[in-house]
Structures are given as structure tokens and as C-alpha cells.
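Colleague: I'm new to this one. Can you walk me through it?

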Amino acid sequence: MSAAAREATGSAPRTRRVGRLEPAALAGVMSRDVAIFGRYWKATTFSSIVQPTIYLLAFGLGFGTLVKQIGHIKTVQYIGTGTVATAVLFSSAFPGMFNTFIRWQFQRTYDAMLAAPVDVEELITAEVLWISLRAGVYGMAPLLVALAFGLQPEWGMLLVPFIGFVTGFGFAAFGVTIAAVAKTIDNFNYITSAVLTPMFLVAGTFFPVSALPEGVRQVAQVNPLYHCVQLVRDASLGGLGTADLGHAAVLIAFALLMWRLAISQLGRRLID
Amino acid sequence: MEEHTSETADARVRAHARGSAISIHGVVKRFGEITAVNGLDLEVPAGVCFGLLGPNGAGKSTTMRMLTAQTLADEGRISVLGYELPRESKQSRLEMGVVPQLDNLDVELTCRQILTVFSRLYRVPRAERPAAVKRALELANLLPRADTIVKELSGGMRRRLLVARGLIHGPRLVLLDEPTVGLDPQVRQELWTLIDGLRASGVTVLMSTHYIEEAERLADTVAVMSSGRIIAQGTPADLVRAHAGEQVLEVYGPPERLAEVGALAAEKGWSSRRSGPAVAIMRAETLNGQAPEGVRRPANLEDAFVALTGEEIE
């Protein structure tokens, strides 16, 4: 407002700073997620337990009779820790893509929330935060199943939900970014088949990256899921070392980068 | 909380000093080639029910979205409740309620859950939330349906829930975007009662509508919007007098007769329009005996609206 206009309207200069990332706004947005989750938690919990059980049974009974060890790690340990990463990936990237697209385009939930005192940054942060908290918790499921299959408990396993949370944060925000740039919901098929599937296979989840050709091995290095797998495996099998600081740094950097990207990309589409 | 309250009071004082709840100056909004809002000036005084009347595509919804900073103006200045937009829009959104044109309720949640979520978004203190939710449910006549999921509500109930959601925090300004579009007459009547109640309680209401009757019944002041700007403004009675006169003469007859009357009106320079099976001639009181045979009736807002916008009523 120009000084003249201010004088004409008799209003004082404004100095108030409007808060960014207010906890009350984040909690409000997440309370909606919690209410929705209250309707679906049984199905979610069921699939998060059954899926790793099937993986472990299939790999353990099929593959495991042929291969007792992968590298120097027992098959059940290898697969059990590997499926933590895939559980985290799928429970964060998919909700990031589908929930965002549906709530934004079909249900217009985001329009409703942005008419309330919530800004784009808060909305997206809260959504990503909720998905990653859930991914952190449900990422534990494969480990619990593997314990039943004979995996030895380790104190380091207590770090797994945090690893799942940080990884999930990055992939949830990645999903939001994809939803923001996708023209239709069918476009997600491209991402699922061309990005997510190779990503979860070339990460040392079910077989070691070292078995792969040199070029592919290089690619694995920039795959955040590879770093998640390594970190989960080292934490769960009692092998944490300095290399794990590097893995953690990659995951945190990936999460921060994707978070800002999700806000800028979806923000551009939500506010016109 | 203390600080927040005094800041609110401060904003109130400023808005009051200006006498405007909403103030829009020279606002332009383009979407690619299309200019949706084209030099809009609008002052909505505090405490009135203000109707933004215009045909579809006049720029009403774009204007409404700009007031919540969900659409950003390319040019011009907007202030809401004394806050400058878009910079301070979060503050203004805290103190106003919005009822959107399109139903954006969470279909899987119950009325109570939706209202509770929004009570948090609107920063209603924890201890007051259950009472606020109950009050909103009562207002919308949905108390018996509090724990029904939205999917199972009728269209009218959903619309009332949308209104309740926008009122959960006791806002002093409410934006209603086409509040009764697509509703059957009985439900429309219910909503009108609700909106009238808001005005009576001192809440400023800005309502966009393309229903003439809605504007005529509810609005203290009506601004007619066409092609992205305000082309006339006043009380419904003033608008009628200024743009359609006192009386309208309706001449009935077969199509040839109507064509004849239309040509006569054009020749004499009378403002006229086709109105169903008749030709309606405005300002019939000024025709001085030159008028063709017909039925005289008092002019209404529809006449003024058509005279202003050149649009036919659906």
C-alpha cells in the first residue's frame, strides 16, 4: 500500500508477521488424515503384515532352500531387512501420488483447506509428515514378521522406524511432486513401472547390488532406497559403522530436496 | 492467545474505520488469453449482505477465489477485514468463513468429524471445540445426523454442512459462492433462512449468485458483474428504478406481432427484451400513450439485470 493510500484509508503500517509452518495448522491437516485412517487402519495393517509374510515364505521356501546365504548374510536376514525398504517405499510413494491427486483433483479437499487459515507449505508438509510417520511405523512390520521367521533381535532395530520415517518423507514428497505434474491419474503407471519398480529391485533388497554390472551399480548409488536398505540392514544386523552416516546423509538430503520440490510444484498448481 | 485477541480487535477497529469488510481496487486477473476479472473495483461495507450478481462466466468465482488468495491478482489491490492480500491472507482467512460453490466435503467422514477437523484448522481452542461443533450442527439442522458419513447425506444436507463448516469459528465475514446452485426450491428456501439469520446476527456476507431472486430476497446491496467488472451497484430497488423504471409493459402475441413490437421499440428507442411469449418494454410509465396494447406490471430486478447485461435468464 502506498503512503498516500494508507493516509486516505487511515490504516496504520502493518508489521505483523504471519507465521509459517504453524504447528496448529499442521495438526489440523493431520487430524483429518487420522480421522480417515480410523476407517482404513484394519485393511492397511492386514496388508502390511501379510505382504512381507508372503515375501519371506516365497523367498525363504523357494529361493532359501537353494541359497542359504546372500553374501555373508543369511537369506531370512537379507530378505527380512530388504522388505522393510520396499514396505516403506510403497507405503509412502503410492499415497503420495494417489491421495494427493484424488484429494486435490477429485475431492477438492485441498481447495477447502486452503480457504481456511492453512497455506500450501503447511498443507503439503502435514500430508507428507503423516504419510512418513505411517511409513515409519508400518516399515517395522516386515521386521516383526522376520523375527517370527528366526531373525535375531538387535537394539539397532529400534532405529528402523526413524530410517523408515526419513525415507518415507522423501518418497511421499516424491509422490506429491509426481501428482502435481501428472496430467491424469493414469500417468502414474509410467512412474510405477519405469521408476519405482527398477528402483526397488536395484537397491540390494532381494539380491546384492555388487552382483550387478558396473553401470547399474553406479545407478544404485544414487537410489535413495539403496541407502535405506543398507542402513536398515546395518542397524538390524548389528553392523552400524561410519559408512552409515553417509547413507543417513543421503536420505536426509533426498527428503529435504523432495519436500521443497513438492511444495513448489503442487503450490504452483493449487494457487493460480 | 492474548496477543491474538488484541490483534483481532485492532484489525476490527481498522476495518470499521474504513467501513469496509472487503475492498478491491483495479483488480485484473488473466488466465492465458482470457481476462476473467478486468479492472474490478468493489467495496463491501461491514455488516451488510452484499450480492454479487452476474451471468455465468462474469468472473464471480474468480473474484471469490481471489478473496482467499487461492487465485492471485495480476494487477490491483485487495484487502479483506483490513488485511492486505495476498501477504496477510492467512490472517484474514482466520477471521472469515468460506462456503464454496462445489461440494468439497470428505465423503468418508461424518459431519462431526468434518466440523472437528475444521474447528482445528480455524484454531478454535481445544476446550471450545465440542461446543463449536454442536453449535454448527444445530445451526445447519444436522444434529440428528452428527455421526452420519457424508456419503449418506442428501444434497440439501451436504450443502447445509458446507455452510456449517464455514461458520464453525464464528467468522465476522462469510463468502458464499453460488450458495444454492443446483438445489431444489425447498432446500433453497432453507438456505435463504440460514443466510438471512447470519445477516441478522451482524455477520458481513458476500454472496455471489446468478439467481436474481436470491439477490433480490437476501442482499441489501447488489453489484451487477459482467465481463469481469462491476457495471452497476445499489439496493435492488435502486437498480430496478435506474435501469428498468417503474413499470414494464408486456405485449403478448404471435411471433410476427412480437417482431413488430420489437421493431417499434427499436425505432422509438425504448429499452425492450424478449421475455418468453412476450416482448417486455421497460419504463412503461414514460411511453406517453404511444404504447401498444399490453399488460403493465411493476419492474423487477430481472428487468434491470437483463437491461444491464444483455443476458437472458436461464
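Modeller: Here is a quick tour, one topic at a time.

Modeller: This is a predicted model, where local features need pLDDT of at least 70, side-chain atom pairs count only at pLDDT 80 or more, and totals for chains, interfaces and linings use all residues. Residues are numbered from 1 along each chain as its sequence is written, while chains are lettered from A and ligands numbered from 1 in the order in which they are written.

Colleague: Start with chain B. How many helices and strands does chain B have?

Modeller: Eleven helices and 14 strands. Both are DSSP runs numbered from the N terminus: helices are H or I with at least four residues, strands are E with at least two.

Colleague: What box do the C-alpha atoms of chain B fill?

Modeller: Roughly 70 × 40 × 40 Å, taken along the principal axes.

Colleague: And how much of chain B is buried?

Modeller: 48% of the 314 residues. Buried means 20 or more other C-beta atoms within 10 Å of a residue's own; 12 or fewer is exposed, and in between is partly exposed, with C-beta atoms placed from the backbone.

Colleague: Which share of the contacts in chain B joins residues at least 24 apart?

Modeller: 68%, among contacts between residues at least 6 apart in sequence. Two residues are in contact if their C-beta atoms, placed from the backbone, lie within 7 Å.

Colleague: Now the two chains together. How many residues does each put into the contact?

Modeller: Chain B gives 29 and chain A gives 30. On the chain B side, helix 1 (2–18), helix 3 (89–95) and helix 4 (111–121) each supply at least two residues. Helix 4 of chain B gives the most, with five.

Colleague: What kinds of residues are on the side of chain B that touches chain A?

Modeller: Eleven nonpolar, seven polar and eleven charged. Ala, Val, Leu, Ile, Met, Phe, Trp, Tyr, Cys and Pro count as nonpolar; Asp, Glu, Lys and Arg as charged; the others, Gly among them, as polar.

Colleague: Back to helix 4 of chain B. How does it sit against helix 6 of chain B?

Modeller: Their axes come within 9 Å and cross at roughly 25 degrees. Axes are lines fitted to C-alpha atoms, for helices over the stretch in contact, and angles run from 0 to 180 degrees between N-to-C directions. The two helices are therefore roughly parallel. Angles under 35 degrees count as roughly parallel, over 145 as roughly antiparallel, 65 to 115 as roughly perpendicular and the rest as oblique.

Colleague: Which residues make that contact between helix 4 and helix 6 of chain B?

Modeller: B:Cys111, B:Ile114, B:Leu115 and B:Phe118 come from helix 4 of chain B, and B:Leu161, B:Ala164 and B:Arg165 from helix 6 of chain B. They divide into six nonpolar, no polar and one charged.

Colleague: Any helix pair to look at in chain A?

Modeller: Try helix 2 (residues 23–66) and helix 6 (residues 140–148) of chain A, which pack at about 50 degrees with axes 8 Å apart. These two helices of chain A are therefore oblique to each other. Helix 2 of chain A brings A:Ser48, A:Ile49, A:Pro52, A:Thr53 and A:Leu56; helix 6 of chain A brings A:Ala141, A:Pro142, A:Val145 and A:Ala146. That makes seven nonpolar, two polar and no charged.

Colleague: On to sheets. What is the strand order in the open sheet of six strands in chain B?

Modeller: It is 6-7-8-3-9-10, with mixed pairing. Two strands pair if DSSP finds at least two bridges between them. Strand 6 (96–99) and strand 10 (229–234) of chain B have a single partner strand each, so one side of each is left without a neighbour in the sheet. The twist averages 15 degrees from one strand to the next.

Colleague: How do strand 3 and strand 8 of chain B pair, parallel or antiparallel?

Modeller: Parallel, over five bridges. B:Leu52 stands opposite B:Ser208 in strand 8 of chain B.

Colleague: And the open sheet of four strands?

Modeller: That sheet of chain B has the order 2-1-4-5, with antiparallel pairing. Its edge strands are strand 2 (34–45) and strand 5 (83–85) of chain B.

Colleague: Last one: is B:Val240 buried or exposed?

Modeller: Buried, because B:Val240 has 25 C-beta neighbours inside 10 Å. B:Val240 is in helix 9 of chain B. Its C-alpha atom is 6.5 Å from that of B:Ala299, 59 residues apart along the chain.
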